[in-house]
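Good morning, colleagues. May I ask you to turn to the structure on the screen, which I shall go through briefly.

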Amino acid sequence: QQLDPSQLSRWLCGVAKLAGSGSALHIFTEAAGRSRGALRRKGLPGFIFDAHHDDEEAIFHTTAKLAVPPACKELHPQVHVVVNNNPREALLCMARADVL
């Protein structure tokens, strides 16, 4: 079962409250797209990728925002996203994670 954006935001707030204040979400995904522009066009449900001056350049990590802003102070609204199946970047991302 996939959560809709508001359910995802609420669930993440629940996890962040258990982890403590200042939690940030780090995502590793194999979503289609090698650029911010492709991620924005094809989408990653529950997340928004803002336009950027280098939208069509290949990337290994970027930032996004939750489609529904968190209703709690414990969860940072900006999300770090590792893309394109880069194991090194995924490990670096996980090393910064509050909860795995």
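Let me begin with a term: a residue is called buried when its relative accessible area is under 20%, exposed when that area is over 50%, and partly exposed in between. Please also keep in mind that this is a predicted model.

With that cut-off in hand, consider Asp54. Is Asp54 buried or exposed? Its relative accessible area is 16%, and therefore Asp54 counts as buried. The residue sits in the loop that runs between strand E2, residues 47–48, and strand E3, residues 61–66. Which side chain does the side chain of Asp54 meet in a polar contact? The partner is the side chain of Arg36, at 2.7 Å. Asp54 may also be placed relative to Ser35: 19 residues separate the two in sequence, and their C-alpha atoms are 8.6 Å apart in space.

Phe60 belongs to the loop between E2 and E3 as well. Its relative accessibility is 43%, so Phe60 is classed as partly exposed. From Phe60 to Arg36 the C-alpha separation is 9.8 Å, with these positions 24 residues apart along the chain.

I turn now to the interior. The largest nonpolar core has 19 residues, and the members that touch the most others are Phe47, Phe49, Leu75, Val79 and Val81. Which elements each supply at least two residues of this core? They are helix H1, residues 5–19; strand E1, residues 23–28; strand E3; and strand E4, residues 75–82. Of these, H1 makes the greatest contribution, with 4 residues.

Leu75 deserves a closer look. Leaving aside residues up to four places away in sequence, Leu75 touches Leu12, Cys13, Ala16, Ser23, Leu66 and Pro70.

One of those contacts, Cys13, brings me to the covalent cross-link. How many disulfides does the structure hold? There is 1, and it joins Cys13 to Cys72, with an S to S distance of 2.2 Å. The link of Cys13 and Cys72 is left-handed, with -90° about the S-S bond. What does this pair tie together? Cys13 lies in helix H1, whereas Cys72 lies in the loop between E3 and E4, so the disulfide connects parts of the chain that are 59 residues apart in sequence. Both cysteines, Cys13 and Cys72, are buried.

To close, I would recall two pairings: the side chains of Asp54 and Arg36 in polar contact, and Cys13 joined to Cys72 by a disulfide. Thank you for your attention.

Technical notes. Residues are numbered from 1 along each chain as its sequence is written. This is a predicted model: local features need pLDDT of at least 70, side-chain atom pairs count only at pLDDT 80 or more; totals for chains, interfaces and linings use all residues. Side-chain values use heavy atoms; hydrogens and water are left out. Buried means under 20% relative accessible area, exposed over 50%, partly exposed in between (1.4 Å probe, protein chains only). A polar contact is a pair of N or O atoms within 3.5 Å; within protein, one must be able to donate a hydrogen and the other to accept it, and residues adjacent in sequence count only if both atoms are side-chain atoms. A nonpolar core is a set of buried Ala, Val, Leu, Ile, Met, Phe, Trp, Tyr and Cys residues joined through side-chain atoms within 4.5 Å. Contact means heavy atoms within 4.5 Å. A disulfide is a pair of cysteine sulfur atoms within 2.5 Å.
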